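Me: Got a minute to walk through a model with me? I'll paste it here.

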Amino acid sequence: MCADRREGTPGRFLDTLSTPVRLRAAGLTIESEIALPGLPETADRNVDVRFGPGDLEHRDGLTLRAQRFGCTAIGGTRVAVSVWIEPEGDVVPRTVLPAGLTGIAYQRGLLPLHAAAVQVAGSCIAFCGSSGAGKSTLASAFGRAGYPILSDDLLVVHPSPRERMPPVAWPGPSRSRLDADSVSLLGEGVVPLTPFSSWDGKTLAAIGPAPVDAPYPIAALYLLRWGELGVSRLSPLKAAAMLPQCLRKPGWLEESGRATSIRQLWLDLVARVPVLLLSRPRGTPFPLILSAVLEACGQGREERPPLNGDRSHP
């Protein structure tokens with residue numbers, strides 16, 4: 001890398017790559033001037049989105065501002081990144097990648113869910129919830145059991161490519177962000193890739209097999225809650241009302257100018273895919289939760305690879 005300190009723009013600097021790289025995430029080809037670890041490279045020449053240094057002030061941009069840096073999604077095709085105070089470790093790519101892709105998804109009329117997801121029997125099972133709901137830990141337990149993790153915190157839903165097929169999702173940023181307690185509970189099969197950050201207390205971890213870059217029809221959407229163990233299915237009418245709780249950066253929905261098409265995509269999703277409320281108490285053994293999830297969405301226990309040990313959900 002070489003440092004790119006651009007004079008004349010107050011308080012901004014950013015390390016850039018000497019040669020841009022092309023990567024894949026969320027069904028999009030990204031050309032990036034900054035390092036975005038954890039995404040597979042591609043030879044695809046049809047670039048959908050470009051990440052690089054730029055101003056955050058854009059009339060129609062969707063902007064995230066942190067204490068030391070920020071990013072703006074512009075026109076569904078570009079993410080401008082600015083850093084004005086030296087950040088800690090890899091906090092910039094860990095933040096601007098999902099935030100930038102969220103903005104791009106909104107601007108393209110796609111559905112950015114605040115969800116982790118795994119591949120089961122060629123389909124996508126997603127876990128929605130607020131921060132602290134256990135999305136990453138539950139997806140990591142599936143990964144440790146042999147199911148590829150499709151996403152950690154952002155799942156971009158695309159319209160159905162064919163009639164009678166549910167909406168689909170492609171693999172996105174899928175390295176799990178876990179705190180020390182989750183790493184300890186998950187045990188073997190969790191490989192921390194970074195030190196635990198003083199910023200959020202989490203590490204990036206590689207868990208389970210990598211997914212194939214392909215569209216996966218969504219088979220079930222779980223809304224996570226803490227409480228007595230149980231799974232119940234919501235009616236399509238109740239599920240339709242859950243959109244604000246499932247979106248990532250819901251405040252960007254109206255700002256995007258694509259709210260109508262995004263709401264329609266959500267309605268299409270909940271009309272075709274079961275939306276289930278998954279409640280579980282802290283300390284529930286992971287195998288019990290995995291079995292409940294698989295059985296509720298029709299996969300059954302026979303689909304589950306064996307788990308090593310009998311760890312508990314935090």
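Me: Let's start small. What does Gly 52 stand opposite in strand 8?

Reply: Gly 52 stands opposite Ala 80 there. Keep in mind that this is a predicted model.

Me: OK. And how do strand 5 and strand 8 run, and how many bridges join them?

Reply: They run parallel, with 4 bridges joining strand 5 (residues 49-53) to strand 8 (residues 78-83).

Me: What's the strand order in the sheet they belong to?

Reply: It's an open sheet of 6 strands, ordered 3-4-5-8-7-6, with mixed pairing. Strand 3 (21-25) and strand 6 (62-65) stand at the edges; each has a single partner strand, so one side of each has no neighbour in the sheet. From one strand to the next, the twist averages 20°.

Me: Which helix packs on that sheet?

Reply: Helix 1 does, touching strand 3, strand 4 (28-32), strand 5, strand 6, strand 7 (69-74) and strand 8. Its direction makes about 25° with that of strand 7.

Me: Switching to cavities. How many are there of 30 Å³ or more?

Reply: The count comes to 3. The largest has a volume of about 240 Å³. It is lined by 15 residues, and the closest to its centre are Arg 94, Leu 97, Pro 173, Arg 175 and Leu 204.

Me: Which element gives the most to that lining?

Reply: Helix 1 again, with 4 residues.

Me: And the largest nonpolar core, which residues touch the most other members?

Reply: Ile 30, Leu 111, Leu 113 and Trp 266, out of 62 residues in that core. Helix 1 (residues 91-107) supplies the largest share of this core, 9 residues. Apart from it lies another core of 30 residues, including Phe 127, Phe 142, Ile 149 and Ile 289.

Me: What is Leu 113 in contact with, leaving aside its neighbours within four places in sequence?

Reply: Cys 128, Asp 153, Leu 154, Leu 155, Val 157, Leu 221, Cys 246, Arg 248, Trp 266 and Leu 269.

Me: Leu 221 is on that list. Which residue in strand 20 does Leu 221 stand opposite?

Reply: Val 275. Strand 18 (residues 216-226) and strand 20 pair in the parallel sense, over 6 bridges.

Me: In which sense does strand 19 pair with strand 20?

Reply: Antiparallel: strand 19 (residues 230-233) and strand 20 share 4 bridges. Within that region, Val 231 has Leu 278 of strand 20 as its bridge partner.

Me: Last one: why is strand 20 largely enclosed by the rest of the structure?

Reply: Because 5 of the 6 residues in strand 20 (residues 275-280) are buried.

Note on methods:
Residues numbered from 1 in each chain as written. Predicted model: local features only at pLDDT ≥ 70, side-chain atom pairs only at ≥ 80, totals over all residues. Heavy atoms only, no water. Core = buried A, V, L, I, M, F, W, Y, C linked by side-chain atoms within 4.5 Å. Buried < 20%, exposed > 50% of the residue type's maximum accessible area, 1.4 Å probe, protein only. Helix = DSSP H or I, 4+ residues; strand = E, 2+ residues; numbered from the N terminus. Contact = heavy atoms within 4.5 Å. Pairing = 2+ DSSP bridges. Axes fitted to C-alpha atoms, helices over the stretch in contact; angles between N-to-C directions. 1 Å grid on protein atoms, 1.4 Å probe; cavity = no way out; pocket = protein on both sides within 12 Å on 5 of 7 lines; lining within 4 Å. Points joined across faces, edges and corners; volume = space filled by probe spheres on them.
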